[in-house]
Every structure is written in structure tokens, then in C-alpha cells.
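Here's a friendly walk through one protein model. Have a look at it first, and then we'll go through it piece by piece.

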Amino acid sequence: MKVPGVSRLRRVAKRLRGRLAPGGLILMYHRITEVKSDPWSICVSPRHFAQQMEVLRKFGDVVSLQQFNQTLQQGKTPHWQIAVTFDDGYTDNLYSAKPLLERYDIPATMFLTSGYMEQKRDLWWDELNRLLLEPGSLPELLCLEINGTTHRWELGTAVDYSEQQFQRYCSWRASGEENPTPRHALFHALYWLLSPLLPEVRQKVMDELLAWAGFVPTLRPAHRIANLEEVSALGKGGLIEIGAHSVTHPFLSFLPIARQREEIQDSKTRLEEIVGQKVVSFAIPTATILRKQQL
Ligand SMILES: [Zn+2]
């Protein structure tokens, strides 16, 4: 039996390591802030984000999404390469994330939803959170007519949500955890009912929900999306690439093809006008399928 030489064994080991080693990693952040209630786990505190960036800088091979993509286009695997991205375009991306990215010299791509930049009210999922998971009372009966179907809920004990309940459950996570109260069950039911709707239908339902609860549409500073000047500031300095994330943040695959095209193209065009640069990256907005694509 022939014993393989040491150099051959080394070559085999290297090849195996190459096969077993993970590919690249795209980190997807949303918000760098602390809020009272974060059911979808989209917030990372500035302190933790700073620690994460420090570790990435020290031990990671951090590249821009464009470099990451280049590696793939050359037919190579981006072994151990890490790209940092953000979705949605909340203001904390500018005021909290950007300074920390600059401190650690970490490039990032921020995917912005162009239709929300001038909106004078919270995003619909933040409105739903405010409506149902903050202390207060709601009417006993909720009836919603959506696409010809009537949905009816009798709130029962979910009518009231006390400060004590809020404090007890404010760290509740909507994915993977049981609903601790009927309010949380209603939150879940409405979120999944509203998510796949056409943006204009969803907006109408949100208007009805707010009116039912006696709420006025409000833009809360802690939940604000970056405005035009702030988006322009985000793109300055060369470290941050601005990418598109649709106009209205629909479940893209639920829309007719022509609407999907509009959502992609219009957000790209609008962002290019604002930042004065080509927008070549797009992140698909959806709650279940998370994919980054090159335009
Ligand atoms: Zn998103």
C-alpha cells in the first residue's frame, strides 16, 4: 500500500477545509436603538452594535456588499468574508449606526424604502405595535372587512392592557414565543392578515384600525424613517452604499409582476435622485424570505 506524502495530505486537508469552511456572511441589521417594545427583534442597542463592529474589525474580513458580490461573480466563494447591511432606513441608521461604522471603518449597504421618507406617520407595523402592545383600552368588538371577507374579534379580556402587563411582556418576541395574553394573539393575527395585502388596501385597514382605537396617525420620533436630507447625509462619506428596498415595503412576491417592477424601479430612481449616485443593490422586502439581489 502506498502511503501518501505529507505534501499531498496537506493539499487534501486544504481542499477539505475549503469545502467545509462556511461561505461568506451577510449581516442584516434594521435598527440601532433601544425601544420599549421590539416584538420583531429588529433593534440592536448602540452599545452592542459598537461591540459587534469592534469584533468584526479585529477578527473578521469585512468587505462591502459590492466586493462580496464581485467575489461571487468571479465564481469564487467569499470564504469568511462578511458584509454589513441595514434594511428599512430608520433615522437611527444615520445618527447611531453611521458614526459607529465610521469609527471602526466598516463599509455597509443601507436598503431604504423610498415611499416612507416623507410619510407623516409611523410604519404600519409600528402603528400596530403602538395600538395593541402599549397600555390602554380598546373597544370590545373589532370588525374588519378585507377584500370582501369580514373578520370579527370579540376582545374580551384583551380590551384592557395595563401598565403592569406592558412592563411584564415588553420583551416578548413575536417569532418563536407563545402569545402570553389575548392582546398578543390579536397582534399576531392582525400582523399576518395585513402583511400580504396590497399596500393601498393595508393602508386603508390601518386607517380603520386607528379610527376604531381612537388613535390619530402620528409620527413618533423614536420610530421615524430618515427624511430626504437624512438619506442624502447617509450616502455621504463613501463608506455607506445606498440600496433600494421598494417604495411601499409590500410582500413583493404577492404583487402582480408589473407592480413588482414598479416597486423596484421607482425606489431605485427616487433614491438615485436623492443621493446623486447609481443605486445598484436591492433587498427584497418580505417578512419571511430574506434575500439580497443585485439589480
Ligand atoms: Zn424591510
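Which residue in β6 is the bridge partner of F86? It's M110. Keep that pair in mind, as we'll come back to the strands around it shortly.

## The big picture

First things first: what you're looking at is a predicted model. The protein has 295 residues, and 29% of them count as buried. Its secondary structure adds up to 10 helices and 13 strands.

How does the chain fold back on itself? Take the contacts between residues at least 6 apart in sequence: 69% of these join residues at least 24 apart.

## Strand β5 and its partners

A good place to start is strand β5, which covers residues 81-88. Seven of its eight residues are buried, so the rest of the structure largely encloses this strand.

Now for the company β5 keeps. Strand β1 (residues 25-29) pairs with β5 in the parallel sense, over five bridges. Within that pairing, M28 has T85 of β5 as its bridge partner. Strand β6, residues 108-112, also runs parallel to β5, and five bridges join the two; the F86 and M110 pair from the opening question belongs here. Then there's strand β4 (residues 61-62), parallel to β5 and joined to it by two bridges. Here V62 stands opposite I82 in β5.

## Getting from strand to strand

So how does the chain travel between these strands? From β4, the chain passes through helix α3 (residues 65-73) on its way to β5, making a right-handed β-α-β crossover. Another right-handed β-α-β unit is made by β5, helix α4 (residues 92-103) and β6.

## Helices α2 and α4

Helix α4 has a second role in this tour, since it also meets helix α2 (residues 46-59): their axes come within 10 Å and cross at roughly 25 degrees. Angles under 35 degrees count as roughly parallel, and α2 and α4 are therefore roughly parallel to each other. Their crossing is right-handed.

Which residues meet there? On the α2 side you'll find P46, F49, A50 and M53, and on the α4 side S96, A97, L100 and L101.

## Helices α5 and α7

Let's move along the chain to another helix pair. Helix α5 (residues 124-133) packs against α7 at an angle of about 160 degrees, and their axes are 10 Å apart. Angles over 145 degrees count as roughly antiparallel, and that's why α5 and α7 are described as roughly antiparallel to each other. The crossing of α5 and α7 is right-handed.

The α5 side of the contact is made by W124, W125, L128, L132 and L133. From α7 come R183, L186, F187, L190, Y191 and L194.

## A closer look at R183

One name in that contact deserves its own stop. R183 sits in helix α7, which spans residues 182-194. Is R183 buried or exposed? It has 23 C-beta neighbours inside 10 Å, and a residue with 20 or more is buried, so R183 counts as buried.

Who are its contacts? Leaving out neighbours within four places in sequence, R183 is in contact with L132, L133, A158 and Y161. There's also L155, which is 28 residues from R183 in sequence, while the C-alpha atoms of the two are 8.1 Å apart in space.

Terms used: Residues are numbered from 1 along each chain as its sequence is written. This is a predicted model: local features need pLDDT of at least 70, side-chain atom pairs count only at pLDDT 80 or more; totals for chains, interfaces and linings use all residues. Helices (H or I, at least four residues) and strands (E, at least two) are DSSP runs, numbered from the N terminus. A residue is buried if 20 or more other C-beta atoms lie within 10 Å of its own, exposed if 12 or fewer, and partly exposed in between; C-beta atoms are placed from the backbone. Two residues are in contact if their C-beta atoms, placed from the backbone, lie within 7 Å. Two strands pair if DSSP finds at least two bridges between them. A crossover is right-handed if, with the strands pointing away from the viewer, the path from the first strand over the helix to the second runs clockwise. Axes are lines fitted to C-alpha atoms, for helices over the stretch in contact, and angles run from 0 to 180 degrees between N-to-C directions. Angles under 35 degrees count as roughly parallel, over 145 as roughly antiparallel, 65 to 115 as roughly perpendicular and the rest as oblique. A crossing is left-handed if the near helix is turned anticlockwise from the far one by less than a right angle, and right-handed if clockwise.
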